[in-house]
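Q: I am new to this structure and would like to learn how to read its features one at a time. Could we go through them together, starting from the whole chain and moving towards single residues?

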Amino acid sequence: MSHTEEIEKRRTFGIISHPDAGKTTLTEKLLLFGGAIQTAGAVKNNKIKKTATSDFMEIEKQRGISVATSVMAFRYSGKQINILDTPGHKDFAEDTFRTLTAVDSVILVVDVANGVEKQTERLMEVCRMRNTPVIIFVNKLDRDGKESFDLLDELESKLSIRVRPLTWPIGMGDYFKGVYNLYENKLNLFSANKTGISNDFVPIENLADSQLDDLIGSDAADELRGEVEMIDGVYDPFDREQYLAGEVAPVFFGSAMNNFGVKELLDTFCRISPSPRGRETDLRLVEPSDAKFSGFVFKIHANLDPKHRDRIAFLRIVSGKFQRNTFYNHVRLEKKMKFPNPTSFMAQDKSVIDEAYPGDVVGLYDSGNFKIGDTLSEGEKIMFKGIPSFSPEIFMELENLDPMKSKQLDKGVRQLMDEGVAQMFIQQPGNRKIIGTVGQLQFEVINYRLEHEYGAKCRFAPRNYTKACWITTDNEEQLASFKRAKTQHIAKDKDDNIVFLAETPFLLQMAEQDYPDLTFHKTSEFKLETI
Ligand code: G4P
């Protein structure tokens with residue numbers, strides 16, 4: 001198979017949702033269609049359970065599972081599909097944001113009763129930043145929920161994207177009769193079907209056909225006719241180019257649990273979703289068709305096996321062909337490295353691979369050489385852009401409880417930060433370590449791991465900052481005066497960028513007013529503009 005054909009057949013995407021909307025269930029059904037698993041229930045629920053008090057040991061156990069399900073590959077309809085898993089738990093949102101840099105498109109799952117929830121909005125903001133194409137799956141139609149047109153309005157207004165239904169539900173809850181495929185003019189009649197993968201499809205070319213009345217009853221048939229007429233009046237015909245540009249999101253309705261509406265989703269996904277796309281670097285746009293290999297690390301997972309201190313770095317291949325046991329350039333370290341055991345992931349099985357193509361994700365065993373965002377290339381000194389850090393929301397100062405173990409502590413913290421567990425900001429005087437996270441859970445993770453993996457003991461003292469903003473300016477004088485006035489709130493991030501730690505949104509607003517020449521960025525993505 002030619003390089004172009006290898007690229008063309010790949011589809012790399014992520015499923016995102018607010019916890020409980022049905023991401024795990026949908027993933028499992030997609031794997032069933034792809035033959036990657038044989039029975040429902042095979043995909044362990046990867047989410048960290050929603051107990052209010054988190055149990056770190058439970059997380060540890062689940063980390064094992066989440067590695068297995070980090071990337072799930074399967075073949076369907078001539079396509080090689082890679083699903084990149086995203087943690088549902090909000091405390092791991094940062095992990096999800098980074099994973100989204102490695103996908104080419106996204107399926108967003110929305111619960112028909114809950115509509116757009118907070119976590120969904122935030123995840124979509126990240127997709128919007130990179131114009132990632134999005135397909136929406138409205139789930140749980142077997143339950144009562146929001147009226148379909150209202151829900152579409154809500155999706156448009158809260159997610160700032162135009163939508164275009166491609167299937168349409170007939171009733172819902174106890175009266176759910178099925179979905180009508182607006183794209184192919186087919187009726188799919190609902191039957192609760194939790195395990196199998198067969199659905200009844202009836203071609204209905206013309207909605208006026210009385211067969212429709214026979215199948216779903218005259219009232220439902222008339223209602224459907226009216227609604228379809230309305231859809232055609234209100235929404236423009238589906239335009240693939242607009243979807244690929246991230247401007248329009250096609251919408252599907254169904255019930256993942258009942259494996260209903262999932263086939264339409266998957267078939268359409270295979271038809272319209274993008275094959276691997278290029279990525280910007282500091283020098284140029286790298287296209288998948290470029291002959292030379294390049295890729296970037298978007299996720300690092302530590303200590304898969306507690307007996308071995310290995311970490312696994314997840315590399316997304318952007319161009320060329322990756323080959324086992326071949327020397328590549330670790331651009332940041334200016335070091336040649338080769339990988340004897342790169343792994344791919346087919347559902348829950350890991351296996352060593354000899355080669356991989358753009359769109360693929362390979363796991364590289366790592367003894368501490370990689371940081372999130374690192375680039376590997378076939379020689380060229382390029383760095384991929386756009387692995388942003390977002391402002392943390394909780395800040396604590398890390399205090400060393402065992403001065404004899406300072407070195408271990410430093411090493412441990414540095415490695416955990418490389419993995420992206422949290423962000424560290426250094427404050428002067430005294431090189432004080434301020435750790436910022438989006439969730440409380442990370443502090444438990446850091447504490448536990450520092451003790452168990454590095455033999456260091458620490459404590460966290462709360463700091464009442466609520467936002468970290470990266471500062472850029474052309475006015476050095478104003479920056480110097482700002483730093484003098486706000487010594488207590490200035491820190492540096494891992495790349496020595498200056499960061500303002502604000503206590504309240506009001507104080508940030510004041511700073512913006514008082515120092516008009518300084519720009520306060522909410523994410524480190526500003527580097528995209530400045531490189
Ligand atoms: P998540 O990964 O997005 O967090 O959601 P997950 O798939 O775990 O689904 C959350 C809950 O919603 C699960 O119930 C799941 O069975 C249920 N669910 C998923 N799809 C549908 C659907 O189409 N209809 C209905 N009625 N429910 C659905 P649970 O009680 O939390 O877990 P379980 O005991 O069923 O595993």
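Q: To begin with the whole chain, what percentage of its 531 residues count as buried?
A: The model shown here is a predicted one, and in it 56% of the 531 residues of the chain count as buried. The secondary structure comes to 15 helices and 31 strands, and of the contacts in the chain with a separation of 6 or more, 72% are accounted for by residues 24 or more positions apart.

Q: How many residues of strand β4 are buried?
A: A residue counts as buried when its relative accessible area is under 20%. In strand β4, residues 105–111, 7 of the 7 residues meet that description, so the strand is largely enclosed by the rest of the structure. Cover is found on both faces, since Ser105, Ile107, Val109 and Asp111 are buried on one side, and Val106, Leu108 and Val110 are buried on the other.

Q: Which strands pair with β4, and in what sense?
A: For each pair, one looks at the bridges that join the strands and at the directions in which they run. Strand β1, residues 10–17, is joined to β4 by 5 bridges, and the two run parallel; within this pair, Ile15 stands opposite Ile107 of β4. Strand β5, residues 134–139, also pairs with β4 in the parallel sense, here over 6 bridges, and Asp111 stands opposite Asn139 in β5. Between β4 and β5 the chain passes through helix α5, residues 118–129, making a β-α-β crossover that is right-handed.

Q: Taking one residue of that strand, is Val110 buried or exposed?
A: Val110, whose place is in strand β4, is buried, with a relative accessible area of 2%. Leaving aside neighbours within four places in sequence, Val110 is in contact with Ala21, Gly115, Val116, Ile136, Phe137, Val138, Asn139 and Leu155. Distance along the chain can also be set beside distance in space: Asp20 and Val110 are 90 residues apart along the chain, while their C-alpha atoms are separated by 9.3 Å.

Q: Turning to a helix, what do the buried residues of α2 pack against?
A: Helix α2 is mostly covered, with 10 of its 11 residues buried, among them Leu26, Leu30, Leu31 and Phe33. These buried residues of α2 pack against the strands β1, β2, β3, β4 and β5, and against helix α10. Just after α2, Gly35 takes a positive phi of about 70°.

Q: At what angle do α2 and α10 pack?
A: Two packed helices are described by the angle between their axes, the distance between those axes and the hand of the crossing. Helix α2, residues 23–33, and helix α10, residues 262–272, pack at about 70° with their axes 10 Å apart, and that angle makes α2 roughly perpendicular to α10. The crossing of the two helices is right-handed. The contact is made by Leu26, Lys29, Leu30 and Phe33 of α2, together with Val262, Lys263, Leu265 and Leu266 of α10.

Q: As a last case, in what sense do β7 and β8 pair?
A: Strand β7 pairs with strand β8, residues 178–181, in the antiparallel sense over 4 bridges, and Trp168 stands opposite Tyr180 in β8. From β7, residues 167–170, Thr167 and Pro169 point one way while Trp168 and Ile170 point the other way, and all are buried.

Terms used. Residues numbered from 1 in each chain as written. Predicted model: local features only at pLDDT ≥ 70, side-chain atom pairs only at ≥ 80, totals over all residues. Heavy atoms only, no water. Buried < 20%, exposed > 50% of the residue type's maximum accessible area, 1.4 Å probe, protein only. Pairing = 2+ DSSP bridges. Right-handed = clockwise from strand over helix to strand, strands pointing away. Axes fitted to C-alpha atoms, helices over the stretch in contact; angles between N-to-C directions. Parallel < 35°, antiparallel > 145°, perpendicular 65-115°, else oblique. Left-handed = near helix turned anticlockwise from the far one by under 90°. Contact = heavy atoms within 4.5 Å.
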